[in-house]
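Could you walk me through this protein, one selection at a time? I have the viewer open and would like to know where to click.

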Amino acid sequence: MKCSWQDGNRITLLVNGDEYYPAVFKAIDHAKQKVILETFIWFEDDVGKQLHSVLLRAARRGVNIEVLLDGYGSPDLSDAFVNELTSAGVIFRYYDPGTRLFGMRTNLFRRMHRKIVVVDETVAFVGGINYSAEHMSDYGPEAKQDYAIRIEGPVVQDILLFELENLPGKEVVRRWWKRRHRPEENRNPGEAQALFVWRDNAEHRNDIERHYLKMLANAKREVIIANAYFFPGYRLLHAMRNAARRGVRVKLIVQGEPDMPIVKVGARLLYHYLVKGGVQIYEYRRRPLHGKVALMDDHWATVGSSNLDPLSLSLNLEANLIIYDRQFNQALRDNLQALIVNDCVRVDESMVPKRTWWNLGISVLVFHFLRHFPAMVGWLPAHTPKLALVEPPVQPEMETQDRVEAQDGGKT
């Protein structure tokens with residue numbers, strides 16, 4: 001399928017789990033026919049148990065529910081936790097569950113990294129927020145700063161069709177040649193417009209990256225990119241620097257207190273190239289940054305699951321929404337600008353490593369290794385991700401009869 005720009009949408013920015021979870025749970029509680037939920041991480045903590053409860057309520061009142069989790073991101077849900085859902089009729093699948101070797105996970109690459117919820121044909125959610133307590137602001141110093149969006153309107157149908165087309169049993173036409181999808185042009189710019197885009201390992205390998213490149217090429221005044229795991233390829237780095245050199249205020253917000261130390265090491269390899277080119281870099285120091293958002297000028301914005309790193313740009317299954325709307329753009333700008341003013345430290349030339357031949361050589365070697373290693377591993381034919389269905393537990397005959405009678409109000 002190929003999505004087009006859709007007019008007449010209502011798009012709401014949701015910041016952190018504090019705003020996201022109540023909105024998702026309320027939508028599921030109002031579901032009448034179908035819920036499709038995909039996520040990278042679902043932990044069996046307070047937030048995960050709330051999601052479990054709301055899905056269980058919906059399933060017990062007859063709503064058709066399908067869940068897809070990543071096998072690497074969500075490996076530890078207990079059998080009892082999952083079985084209660086499957087017993088109620090929830091279709092529960094893992095993407096590439098993998099096997100453990102000496103207690104270690106082997107499914108390191110090609111992750112199902114999307115975070116999508118579709119309720120009936122009326123409302124959808126897209127973003128970067130998983131289902132775990134660490135996305136709540138009261139979690140403490142390790143609470144993540146993150147974003148998602150709630151969507152109503154015609155683009156929900158595109159998201160639903162994407163989900164239905166990618167369910168098991170749906171044969172997707174695979175062509176022997178690789179089609180190169182160009183970013184969909186917004187030929188009639190207006191307000192409340194949205195385009196659903198995704199990245200897969202077939203015909204949509206570069207779609208999200210191409211929208212970033214086109215955005216940077218079209219920018220006239222300002223670009224703000226906030227990305228948790230920032231380590232893109234040369235094309236995107238060139239595009240950022242070129243935009244800055246022609247007078248665009250290009251601001252990049254990266255992690256200053258990362259959840260993984262390698263994140264800061266990788267990003268700092270790029271500081272010299274970007275700062276010298278005029279890009280303003282800000283390290284967010286309040287807590288770990290987990291967002292994957294960007295905006296351009298006064299209308300364009302994107303929110304989704306895709307980082308700008310080798311995993312997201314080369315291997316993972318990702319999804320973003322591209323938005324053209326002045327009001328949404330301003331809401332996201334206000335939030336990011338507050339982060340810059342209150343919680344960020346700007347990277348200046350004194351913080352950039354000195355440019356010696358030794359440092360240059362090491363940087364080039366490390367850059368190419370970090371940039372291409374995940375993709376090289378992904379070429380291995382032994383790693384072909386599969387979907388694994390969790391079968392509902394076999395119910396004793398008496399328990400099954402009791403449940404039927406309960407649904408019939410005790411009548412036989």
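## A short tour

Start by selecting residues 207-218, which form helix H5. This is a predicted model, so here is a check you can make on it: with 12 residues at 1.5 Å a residue, helix H5 should span 16 Å, and its end C-alpha atoms are 17 Å apart, which agrees.

Keep helix H5 selected and show the surroundings. Is it enclosed by the rest of the structure or left open? It is largely enclosed, because 9 of its 12 residues are buried. To see them, pick out Asp207, Ile208, Glu209, Arg210, His211, Tyr212 and Leu213, then add Met215 and Leu216.

Next, go to Asn16, in helix H1 (residues 16-29). Which sign does the phi of Asn16 have? Its phi is positive, about 65°, although Asn16 is not a glycine. Asn16 has 7% relative accessibility, so it counts as buried.

Now move to Asp120, in the loop between strand E7 (116-119) and strand E8 (123-127). Asp120 also has a positive phi, near 50°, and is a residue other than glycine. With a relative accessibility of 11%, under the 20% cut-off, Asp120 counts as buried.

For the last stop, color the model by pLDDT. The protein averages 86, and 78% of the residues score at least 70. Then select residues 396-412, where pLDDT stays under 50. How many contacts beyond four places in sequence does the model have for residues 396-412? It has 5.

Notes. Residues numbered from 1 in each chain as written. Predicted model: local features only at pLDDT ≥ 70, side-chain atom pairs only at ≥ 80, totals over all residues. Heavy atoms only, no water. pLDDT = per-residue confidence, 0-100. Contact = heavy atoms within 4.5 Å. Helix = DSSP H or I, 4+ residues; strand = E, 2+ residues; numbered from the N terminus. Expected span 1.5 Å × (residues − 1). Buried < 20%, exposed > 50% of the residue type's maximum accessible area, 1.4 Å probe, protein only.
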